[in-house]
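The exercises below ask you to trace how a helix, a sheet and a nonpolar core fit together. Work through each task with the structure open, then compare your reading with the solution.

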Amino acid sequence: MSGSSKRIAIIVDPILSLGVLANTIATIGIGLGAAESAFGNTILTDAIGRSVQNSADRPVPILQAPSVAIQALLLKALPAPDGAIVVPFPRFARSLHTFVDYQVQFPTRDLASETIEGVGLAGPEKWVKSLTGSLKLLR
């Protein structure tokens, strides 16, 4: 599936403090973008000739759900269909200070037993909507 035909959604727990919420969304967004460079990776140039990278080439709705619902959604999303992307943010990651620590810890954890503070999805529109259709926008 090409990047242009994928739908994106990021789901977060609205009880997170503003800074933690922003960090969770940013981290998930970076994960989605790293997995699929077609979501951005376009250089735009203004009328004066200043060039910048675009932020995204499609809408990225930020939806809300309690962590238990996010965990259930994550488990329902896995295994993901071919070409789909799932980027979870488990709470334990917040206590780690390096990505190497996360890589070491992750295989020792069971996502079904972890608090999931957010998850990013990208894939076929029908799949993403089936997982997120009843969720409200974060406001």
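**Exercise 1.** Determine which strands α2 lies across, and at what angle α2 runs to β6.

*Solution.* α2 lies across β1, β5 and β6, and its direction makes an angle of about 35° with β6. Contact here means heavy atoms within 4.5 Å, and axes are lines fitted to C-alpha atoms, for helices over the stretch in contact, with angles from 0 to 180 degrees between N-to-C directions. Helices (H or I, at least four residues) and strands (E, at least two) are DSSP runs, numbered from the N terminus.

The model is predicted: local features need pLDDT of at least 70, side-chain atom pairs count only at pLDDT 80 or more, and totals for chains, interfaces and linings use all residues. Residues are numbered from 1 along each chain as its sequence is written, and side-chain values use heavy atoms, leaving out hydrogens and water.

**Exercise 2.** Establish the strand order of the open sheet of five strands, and find its edges.

*Solution.* Start with the order, β5-β6-β1-β4-β7, in which the pairing is mixed; two strands pair if DSSP finds at least two bridges between them. Next, β5 (85–90) and β7 (136–137) are the edge strands, each pairing on one side only. Finally, β5 and β6 are antiparallel over six bridges, and Val 86 stands opposite Leu 121 in β6.

**Exercise 3.** Identify which members of the largest nonpolar core touch the most other members.

*Solution.* Among its 17 residues, these are Ile 11, Val 86, Val 119, Leu 121 and Trp 127. α2 gives the most to this core, with four residues. Such a core is a set of buried (under 20% relative accessible area, 1.4 Å probe, protein chains only) Ala, Val, Leu, Ile, Met, Phe, Trp, Tyr and Cys residues joined through side-chain atoms within 4.5 Å.

Notes. Buried means under 20% relative accessible area, exposed over 50%, partly exposed in between (1.4 Å probe, protein chains only).
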